[in-house]
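Visitor: Could you take me through one part of this model in detail? I'd like to look closely at the bigger sheet and whatever packs against it.

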Amino acid sequence: MRVHPASTAARQRRRGLGLYTSITANNPALTAAQMVGGVVAVSGQTAAQNVTTDTAANIIARMQAIDANAAIGSSATFTLINDNTSTGAVTVVLGSGVTNIGAAGILALAIATQRRYTVKWSGANAVTLSGG
C-alpha cells in the first residue's frame, strides 16, 4: 500500500501484513478494511457470484485512519482470491464512488484465480480501481 508520507502502518502493509479474510457467504460485500492492504479469499460457492466493493467514502476514511496524512493521489492494494468451485466465477461490482479505470476484464475472476487491485483516491468521495 502506498500512503504518503510513509507511516508505520503503511510500511507494515507494504510488507504484506494486511488483513486476511476468508468469506464463504454468497454475493459478499467487501469492507474498506479488507480493501486497503488486505487479502480476501472467497470460497464455498458453486454458482457465479458478485463481490461488491465498499464505497469510495469508506475507502478514503480507511486510508485516513491508517495515515492521517493520506490525500488525493494516495493508493492502496488488495488481493482478491476466487477459491470457489464448479461454476463459482466472481464478478466485482463497484460501490458508490468507485470507478474502474482498468480493462473491463479485471472485474471478472475465474475459479482458482486471484487478482491484485489498486484503489487510488482520485477526488472528493471518489476512488479508482485498477488491477492486473
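Guide: Six strands, in the order E1-E2-E4-E8-E9-E6, make an open sheet with mixed pairing. Strand E1 (20-23) and strand E6 (98-100) are at its edges with a single partner strand each, so one side of each has no neighbour in the sheet. From one strand to the next, the twist averages 25 degrees (axes are lines fitted to C-alpha atoms, for helices over the stretch in contact, and angles run from 0 to 180 degrees between N-to-C directions). Helices (H or I, at least four residues) and strands (E, at least two) are DSSP runs numbered from the N terminus, and two strands pair if DSSP finds at least two bridges between them.

A word on the source: this is a predicted model, where local features need pLDDT of at least 70 and side-chain atom pairs count only at pLDDT 80 or more, while totals for chains, interfaces and linings use all residues. Residues are numbered from 1 along each chain as its sequence is written, and side-chain values use heavy atoms, with hydrogens and water left out.

Now to the strands E4 and E8. Strand E4 (residues 75-83) and strand E8 (residues 113-123) pair in the antiparallel sense over 8 bridges. Within that pairing, Ile81 has Gln114 in E8 as its bridge partner. Helix H3 packs on this sheet, touching E4, E6, E8 and strand E9 (126-131), and its direction makes about 85 degrees with that of E8. Contact here means heavy atoms within 4.5 Å.

What does H3 itself look like? In this helix (residues 56-66), Ala56, Ile59, Ile60, Met63 and Ile66 are buried, meaning under 20% relative accessible area, with exposed over 50% and partly exposed in between (1.4 Å probe, protein chains only). Down the axis of H3, those buried residues fall within an arc of 125 degrees, so they line one face of the helix; the arc is that of the directions from the helix axis to the C-beta atoms.

That brings us to the largest nonpolar core, a set of buried Ala, Val, Leu, Ile, Met, Phe, Trp, Tyr and Cys residues joined through side-chain atoms within 4.5 Å. Of its 28 residues, Ile59, Met63, Phe78, Leu80, Tyr117, Val119 and Leu129 touch the most other members. Elements giving two or more residues include helix H2 (32-35) and strand E2 (39-43), and H3 gives the most, with 5 residues. As for Leu80, its contacts include Val40, Val42, Val90, Leu109 and Tyr117, not counting residues up to four places away in sequence.
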